[in-house]
Amino acid sequence: MAILAAMIIASLSSSAVADTAAVAAMLLPMMKTTGYPIDRSAGLIGTAGIIAPIIPPSIPFIVFGVASGVSITKLFLAGIFPGIMMGLCLAALWWRQAKRLDLMTFSKATKQELCISFKNSIWALMLPVIIIGGFRSGMFTPTEAGAVATFYALVVSLFVYCELKFKDLYKVILTAAKTTAVVMFLVAAANITGWLITVAELPTMLTELLEPLIESPTTLLLVVMLAVFVIGMVMDLTATVLILTPVLMPLIEEAGIDPVYFGVLFILNTSIGLITPPVGNVLNVITGVSKLPFDQAAKGIMPYLFMMIGLLLLFVFVPDLILVPLSWMQ
């Protein structure tokens, strides 16, 4: 249920940090009370949190699409199946650990309880349906989907759930303005960095350096993914995407690699960086919420981290796992 909750919230927040903080604050105390190992539980929820950048509406996909010129709609559609695979792999690994550690299991909810919960949450669950259905049907663009989703969430919060009060709107708008300002400053700084990179002819130098690998797209992807993984360990996701995208895209296009496919791999790789020591933002969030020492939280997240790396390698070697579902949805 923790994984499913993380995936549902991911489709609403699209922020790995917010997703992790919300799910961890709600479920970690319950998991600790029932005797689950707190480090493994924290690792599970932290790793489930990085599904948020992959499942639409994904902020990193929007940033990558703007920086690369790749269709954001296609990126959103291409991220659905990998995001589901991430959740399924996490569930399988947790099930295996639960069996091995003989953890407590709970009775299933009755049909009546499920119906009541579904009825209470139907308005919130309609948000991702509206977003994906809207730009998939051509009713609006991904940018316009953000405005539609914001208006819908505002109406539902004010008049359906009544959790948001009119007096709180100022604080909400101010927080949104601050968050947007931070992102736009990052974009501005990245544009300057991109200009400096172009003037210094770094893309050309990188192309010449990796030119022997262009004839072998899989080998090229492995090298690029390794470089992105190392950089992602010490740099924030948004900054990594904004700085590296202009450098890597010419090389990817020259090698004939599908840019949408590469975008999914790139964002998945940078998302994994959110749970890797020493900087990982999500790892730090889960450390704070669980009140675990950093090294113990990092140890608890390792099995899931290795599983995510394995899934990334699987996508590198089997592109059809991303491209075929994308073609079905298109």
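In the predicted model, Thr 238 is buried, with a relative accessible area of 18%; the value counts as buried because the cut-off is under 20%. Thr 238 belongs to helix H11, which spans residues 237-254. Its C-alpha atom is separated by 8.8 Å from that of Phe 64, although the two residues are 174 apart along the chain. Phe 64 is in turn a member of the largest nonpolar core.

A second threonine, Thr 270, is found in helix H12, formed by residues 259-272. Thr 270 has a relative accessible area of 2% and is therefore buried. A polar atom of the Thr 270 side chain lies 2.9 Å from the backbone oxygen of Ile 267. Beyond the neighbours within four places in sequence, Thr 270 is in contact with Val 228, Leu 237, Thr 240 and Val 241. Of these partners, Leu 237 is a residue of helix H11.

Leu 237 also takes part in lining the largest cavity. The structure holds 1 cavity of 30 Å³ or more, and the volume of the largest cavity is about 40 Å³. Its lining includes Gly 232, Met 233, Met 235, Asp 236 and Leu 237, together with Gly 273, Leu 274, Val 279, Gly 280 and Asn 281. Sorted by class, the lining residues comprise 5 nonpolar, 4 polar and 1 charged. Asp 236 is the charged residue of the lining.

In soluble globular proteins, nonpolar side chains tend to be buried together. The largest nonpolar core of the model contains 80 residues. Within this core, the residues that touch the most other members are Ile 45, Phe 64, Leu 90, Phe 262 and Leu 265. Phe 262 and Leu 265 fall within the residue range of helix H12. For Ile 45, contacts outside the neighbours within four places in sequence are made with Ala 2, Thr 20, Val 23, Ala 24, Leu 27, Leu 28, Met 31 and Ile 286. A second core, separate from the largest, consists of 7 residues, among them Leu 127, Ala 145, Ala 149 and Tyr 152.

Over the whole protein, 15 helices and 0 strands are assigned. Of the 330 residues, 43% are buried; Thr 238 and Thr 270 are among the buried residues. When contacts between residues at least 6 apart in sequence are considered, 74% join residues at least 24 apart. The contact of Ile 45 with Ile 286 and that of Thr 270 with Val 228 are examples of contacts outside the immediate sequence neighbourhood.

Key
Residues numbered from 1 in each chain as written. Predicted model: local features only at pLDDT ≥ 70, side-chain atom pairs only at ≥ 80, totals over all residues. Heavy atoms only, no water. 1 Å grid on protein atoms, 1.4 Å probe; cavity = no way out; pocket = protein on both sides within 12 Å on 5 of 7 lines; lining within 4 Å. Points joined across faces, edges and corners; volume = space filled by probe spheres on them. Core = buried A, V, L, I, M, F, W, Y, C linked by side-chain atoms within 4.5 Å. Buried < 20%, exposed > 50% of the residue type's maximum accessible area, 1.4 Å probe, protein only. Contact = heavy atoms within 4.5 Å. Helix = DSSP H or I, 4+ residues; strand = E, 2+ residues; numbered from the N terminus. Polar contact = N/O pair within 3.5 Å; in protein donor to acceptor, adjacent residues only side chain to side chain.
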